[in-house]
Amino acid sequence: MFTTTKLFLLVTVFGTLSAFNTYAISADAIHYNFGEPASANDLKDFVSPLPDGRGLPAGSGTIAHGKQIYEEKCASCHGQKLEGGLGDRLIGGRGTLVNDDPKKAPIKTVESYWPYATTLFDYIKRAMPFYSPGSLTNDEVYSLAGYILSQGNIIKNNDPITSENLAKILMPNRDGFIPDHRPEHFKPADKNPQLR
Amino acid sequence: MTIFEPDHDHDTKSKLKIASLVEAEEAFLAKARISANSVYFSPNVGSAGSAKGIEHLQRPQGRRHFLASVAALAGSGVAGMALAQTTPPSPENKAPAGAVWRPVPEDATKTQGVAIGEDGGYGTRSQFETEVRWRFTTKTPFSSWSMTPLEHGVGIITPSGLHFERDHGGIATIDPATHKLFVHGMVKQPKKFSMSDVKRFPSISRIHFIECSGNGLTEWSKPTLKTVQGTHGLVSTSEWTGVPLSIILNEVGVRTGAKWLLVEGGDASVMTRSIPLEKAMKDCFLAYGQNGEAIRPEQGYPLRLIVPGYEGNTHIKWVRRIELADMPFMTREETSKYTDLLPNGKAVQFSMIMEAKSVITRPSGEMVLPGRGFYEITGMAWSGRGRIKRVDVSTDGGRTWKPAQLQDPILPVCQTRFRYPWVWNGKEAILQSRCVDETGYVQPTLGQLIDIRGLNGPIGSVYHLNAIQSWKVDTEGRVSNVHYY
């Protein structure tokens with residue numbers, strides 16, 4: 001615990017340091033002891049899995065159940081064949097990412113583009129269905145993820161989708177991402193600009 | 001309206017999106033062209049324009065018509081102002097959004113004005129000011145965006161009510177009395193904070209721009225939208241006030257090995273992004289203030305993360321939770337959405353810094369220069385890497401460049417206003433601005449960007465288009481969006 005004198009000294013030092021810096025924020029070593037400890041119960045409803053599967057809530061689902069939920073709650077926006085509509089297209093598009101044709105759009109779907117299966121669980125769980133977000137149970141979300149992955153030919157068998165095996169599913173575009181390499185180095189501008 | 005021919009073998013959604021945006025802008029322009037106060041006011045100029053129309057435009061009409069006002073000064077002056085006083089503010093005789101309609105006396109010096117306090121204690125803008133954000137006409141209004149009318153802006157601050165929006169699940173309505181911020185994960189003591197706890201911490205205020213990395217996505221392969229609001233309206237600047245994230249993280253104690261933090265919004269999309277811990281400790285803050293008052297609901301009331309210089313999507317609104325981890329969470333937004341797909345099939349990930357960019361806001365697309373003579377070319381420049389060092393302006397399509405004046409204050413990660421005096425000689429001109437930031441980065445031409453990023457589809461690699469913008473002035477003074485490089 002801090003004494004009043006120590007706190008005063010730290011506040012003085014911090015104030016002086018900040019005066020020299022107009023952009024970056026100086027590290028602040030003071031504990032103010034505001035707020036309260038968050039209990040496990042406070043945090044139990046939050047879900048945010050990591051790509052290696054840590055943080056996935058316990059549960060499992062089946063592709064058959066996923067099909068049933070999909071037709072009931074998802075097809076109106078994402079299409080009977082997962083072809084998209086009001087919501088994103090979910091399957092297809094493999095082979096379209098390599099493309100330098102301004103007239104043809106690459107097709108970015110769960111099947112062709114998404115690098116991690118855990119993202120599918122995470123997104124459905126937090127934000128879907130669009131008009132009643134957060135209404136699906138964990139088992140329902142595992143089922144839906146399984147159905148979408150099976151329709152995209154990413155999983156071939158009918159095994160249950162669980163918190164244990166979801167992160168192990170290898171997504172087709174797993175190696176499709178590269179780190180930010182900017183700032184880019186540009187060639188000299190064209191000396192003879194023209195209307196394009 | 002079809003901008004790009006539908007191709008049934010490929011996903012047409014992005015093409016339809018562009019068509020929707022063009023329609024939204026057209027609907028806006030149709031109203032603006034007949035509004036005397038709009039910078040786009042042009043009653044007698046048809047879509048094709050005509051010499052007769054231009055001649056008519058040389059007579060003063062709008063009170064605040066930026067370009068026509070030049071003619072008013074040069075020509076009939078006082079007569080023009082008298083004309084404006086008797087012009088109704090809008091054809092419907094109805095106040096625009098954010099204003100209250102009041103009858104206009106013949107002479108305001110001959111009668112008492114509106115009583116003090118009649119506004120209930122919170123002011124409104126003038127009933128003669130009509131600029132608004134316009135929305136991308138998605139099928140659902142809950143996941144959409146609205147754009148800032150940059151062409152009307154003066155100075156560097158965006159009025160809070162005109163700050164652009166991007167919402168993925170509507171605008172959350174949150175009572176600050178019950179709102180909680182949870183901080184947990186790789187920390188020594190998980191904690192929860194009420195809004196009054198958050199406001200007890202030492203605070204900072206910073207003037208920063210926020211730009212959506214999708215700003216300009218329609219403009220990769222051909223000039224598509226017509227106005228600067230359409231081509232550049234997903235950038236705005238506010239003064240933000242809040243508590244440094246480093247203070248909050250110190251309060252919970254970051255555990256060794258933590259490298260990233262997930263910031264989560266409390267809206268219907270439960271928006272999440274992973275932020276590098278190093279960035280969080282350097283300059284991020286949780287803002288509860290915007291331009292001297294509480295942050296607006298559509299900007300994340302009661303609490304929004306500010307990540308200076310990073311793409312707008314990382315500035316999570318309605319923040320309710322922060323979780324620390326040893327790796328990024330790979331959420332939907334940072335894998336399937338805000339990544340830059342290159343022609344070789346690889347996508348750049350965590351490309352979060354907004355590179356230096358500038359644009360001329362006046363004159364800009366769809367305005368009409370009423371005649372030869374003096375115009376002040378003005379616009380904005382900004383960089384996610386620091387301060388703007390220099391802005392050059394070209395009136396000949398980039399063959400020659402002259403330095404523009406920069407208006408103080410020139411702040412890091414903030415829009416900087418530039419000005420350049422210009423006398424139009426009545427000949428065709430291509431107006432461009434090019435900025436340099438304090439790291440020496442020079443704003444590229446669109447051709448240079450495309451050389452690196454390619455054009456994989458009508459909207460290219462979608463994000464981070466920061467190319468030099470070209471506005472063509474034709475011999476009749478009409479300004480249009482062109483690609484010139």
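Two strands pair if DSSP finds at least two bridges between them. Helices (H or I, at least four residues) and strands (E, at least two) are DSSP runs, numbered from the N terminus. This is a predicted model: local features need pLDDT of at least 70, side-chain atom pairs count only at pLDDT 80 or more, and totals for chains, interfaces and linings use all residues. Residues are numbered from 1 along each chain as its sequence is written, chains are lettered from A and ligands numbered from 1 in the order in which they are written, and side-chain values use heavy atoms, without hydrogens and water.

**Exercise 1. Find the bridge partners of B:Glu264 in β9(B) and β13(B).**

Step 1. Take β9(B), residues 272–276. Five bridges join this strand to β8(B), and the two run antiparallel. Here B:Glu264 has B:Thr272 as its bridge partner.

Step 2. Look at the link. β8(B) and β9(B) form a hairpin with six residues between them. In the turn, B:Val270 has a positive phi of about 40°.

Step 3. Take β13(B), residues 319–325. Six bridges join it to β8(B), again antiparallel. The partner of B:Glu264 in β13(B) is B:Arg321.

**Exercise 2. Are the faces of β8(B) covered or open?**

Step 1. Fix the term. Buried means under 20% relative accessible area, exposed over 50%, partly exposed in between (1.4 Å probe, protein chains only).

Step 2. Recall the rule. In a regular strand the side chains alternate between the two faces of the sheet.

Step 3. Sort the residues. B:Trp260, B:Leu262 and B:Glu264 lie on one side. B:Leu261, B:Val263 and B:Gly265 lie on the other. All are buried, and both faces are covered.

Step 4. Conclude. Six of the six residues of β8(B) (260–265) are buried, so the strand is largely enclosed by the rest of the structure.

**Exercise 3. Describe how α4(A) and α5(A) cross.**

Step 1. Locate the helices. α4(A) covers residues 117–127 and α5(A) residues 138–151.

Step 2. Read the geometry. Axes are lines fitted to C-alpha atoms, for helices over the stretch in contact, and angles run from 0 to 180 degrees between N-to-C directions. The two axes come within 9 Å and cross at roughly 130°.

Step 3. Name the angle. Under 35 degrees counts as roughly parallel, over 145 as roughly antiparallel, 65 to 115 as roughly perpendicular and the rest as oblique. That makes α4(A) oblique to α5(A).

Step 4. List the contact, which means heavy atoms within 4.5 Å. From α4(A), the residues include A:Leu120, A:Phe121 and A:Ile124. They meet a set in α5(A) that includes A:Val141, A:Leu144 and A:Ile148.

**Exercise 4. What covers the buried residues of α4(A)?**

Step 1. Check burial. 11 of the 11 residues of α4(A) are buried, so the helix is largely enclosed by the rest of the structure. Among them are A:Asp122, A:Lys125 and A:Arg126.

Step 2. Find the cover. It includes α5 of chain A, together with β8, β9 and α9 (332–337) of chain B.

**Exercise 5. Which strands are the edges of the sheet β4(A)-β15(B)-β14(B)?**

Step 1. Describe the sheet. Three strands form an open sheet in that order, with mixed pairing.

Step 2. Pick the edges. β4 (177–179) of chain A and β14 (340–341) of chain B each pair on one side only.

Step 3. Follow one pair. β4(A) and β15(B), residues 347–349, are parallel over three bridges. A:Pro179 has B:Gln349 as its bridge partner.
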